[in-house]
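Biologist: I have a model open in front of me, and I would like to learn how to read it step by step. Could you go through it with me?

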Amino acid sequence: GPPEFLLYVAMHTKRIKIGPIGYVLPGWDPLRLAITTAWLDQLTQGRSFVGLARGYQQRWLDQMAQKVHISATTSDHSTLDDTNRRAFEEVYQVLKLAWADESFRFRGEFFQYPYPYDAGTTWPAHTWTRDYGAPGEVDAQGHLQKLFVVPKPYQKPHPPLFQAFSTSAETIRWCAREQITPMILLSRPEQLRHLAQIYAEEAGRAGRWLAVGQNIGVLRHIYFADSVRMADRLAEQGLVGVGYKRFWGHFGFWESFRFPEDELEYPAGTTWLPPEEWTAERMRRARYIYAGSVDAVREGMESANPEWFAWLLDQGLLPRQELRKQLEIFGTQILPRYRQHEEKISEAKPSRKTPSTSVRAREKKG
């Protein structure tokens with residue numbers, strides 16, 4: 001959500017953590033985003049997190065990123081996809097430099113700081129900055145040669161980081177190296193385990209030894225109902241029928257719910273699944289939707305066994321009474337199981353807390 005809305009929510013709450021699932025980095029000025037996220041973290045005293053996204057919607061990103069000539073993309077390994085990824089990673093680099101407690105210089109493919117990089121930025125008030133700024137910001141000729149961005153985040157070195165709608169092994173490896181939690185859209189158990197293993201292996205190469213499933217998350221839908229048929233009806237009325245069929249499907253999101261047998265009729269890379277294959281039943285088979293009884297939903301969540309679980313709620317699509325019912329069931333019959341485990345984690349590691357949009361889903365085994 002917009003930073004202003006997030007701050008509004010934060011100011012009306014006391015404990016929950018807030019943040020978007022993904023700032024689309026190629027469409028943001030890096031310094032503006034560093035300041036925006038740091039202010040939110042300061043004003044909430046560390047109750048924020050930062051989600052990162054690459055951008056797949058041309059209607060939005062092509063307008064916002066026109067000055068750096070970046071366009072929206074799907075993860076198809078095309079030239080456009082490669083350029084988008086380079087811009088995403090460069091904005092991320094600048095974010096980390098701006099969040100850090102030192103002044104910095106940076107020269108990349110899309111951005112340079114100071115600007116112009118070689119000569120430095122002309123700054124008439126250089127005597128003021130020399131007295132009150134950070135060491136090395138201005139040179140003897142009165143040009144800015146380094147930047148020191150304020151405010152800094154309340155959390156050190158920065159708020160927890162999440163990567164939205166992760167599907168590719170390349171993204172999972174990058175997240176593992178950067179200590180970012182990927183929120184994985186792929187849902188078939190064998191796919192999820194494969195990506196979790198890739199994450200753990202890549203983290204190990206970077207010197208972080210993690211259990212398979214640790215520091216990864218999943219994005220899923222939940223529908224509590226007396227029958228699977230009734231759950232499918234809710235899904236069709238909600239985000240599956242409206243979000244996935246009318247919007248996300250046009251960007252290839254249904255490709256995340258493929259099965260090996262689909263290759264015969266719809267070869268991956270050449271043919272997307274057609275709209276007649278866009279069904280809640282397919283999502284249930286792919287283990288993306290957990291539907292039916294409390295036990296069925298709990299079994300689905302436990303079979304995934306990630307550290308983080310994000311429920312994409314059908315806000316604004318299902319009747320308010322139905323949404324309240326869904327939340328009450330989750331809060332009274334699902335969440336306590338994980339809250340007990342979270343309390344045990346907090347006793348051992350008091351600095352680790354759970355974002356409000358997610359559930360820390362790993363249970364202590366044995």
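**Reading helix 2 and its surroundings**

Modeller: Let us start with one detail in this predicted model: the side chains of threonine 37 and tryptophan 99 are joined by a polar contact of 3.2 Å.

Biologist: Where does threonine 37 lie, and is threonine 37 buried or exposed?

Modeller: Threonine 37 lies in helix 2. To judge burial we look at the relative accessible area, and a residue is called buried when this value is under 20%; threonine 37 has 3%, so it counts as buried.

Biologist: Which residues is threonine 37 in contact with, leaving aside its neighbours within four places in sequence?

Modeller: With those neighbours left aside, threonine 37 is in contact with Tyr23, Val50 and Trp99. Trp99 is thus a partner in this list and also in the polar contact between side chains.

Biologist: How should I read a residue that lies in a loop, such as threonine 44?

Modeller: We can ask the same kinds of questions there. Threonine 44 lies in the loop between helix 2 and strand 2, the strand of residues 50-53, and because its relative accessibility is 4%, threonine 44 counts as buried. Its side chain reaches back to two backbone oxygens, that of leucine 40 at 2.8 Å and that of aspartate 41 at 3.3 Å. Not counting residues up to four places away in sequence, threonine 44 touches Ala10 and Ile18.

Biologist: What makes up the nonpolar patch on the surface, and which helix supplies the largest share of the patch?

Modeller: The patch is made by Met11, Ile35, Trp39 and Leu43, and covers about 390 Å². Its largest share, 3 residues, comes from helix 2, which runs over residues 30-43. Tryptophan 39 also lies in this helix, and since its relative accessible area is 46%, it is described as partly exposed.

Biologist: How many helices and strands does the protein have, and what can be said about its overall form?

Modeller: The secondary structure comes to 12 helices and 12 strands, and the C-alpha trace spans about 75 × 50 × 40 Å along its principal axes. For overall form we compare the radius of gyration with that of a compact globule, which for 366 residues would be near 21 Å; the protein has 22 Å, so the two agree.

Biologist: What share of the residues counts as buried?

Modeller: Of the 366 residues, 51% count as buried. As for the surface, the protein exposes about 18900 Å², of which carbon and sulfur atoms supply 53%.

Terms used: Residues numbered from 1 in each chain as written. Predicted model: local features only at pLDDT ≥ 70, side-chain atom pairs only at ≥ 80, totals over all residues. Heavy atoms only, no water. Patch = residues over 30% accessible without salt bridge, like charges linked within 9 Å, V, L, I, M, F, W, Y side chains within 5 Å. Areas by Shrake-Rupley, 256 points an atom, 1.4 Å probe, with all protein chains shown as cover. Salt bridge = Lys/Arg side-chain N within 4 Å of Asp/Glu carboxyl O. Helix = DSSP H or I, 4+ residues; strand = E, 2+ residues; numbered from the N terminus. Buried < 20%, exposed > 50% of the residue type's maximum accessible area, 1.4 Å probe, protein only. Rg over C-alpha atoms; globule rule 2.2 N^0.38 Å. Polar contact = N/O pair within 3.5 Å; in protein donor to acceptor, adjacent residues only side chain to side chain. Contact = heavy atoms within 4.5 Å.
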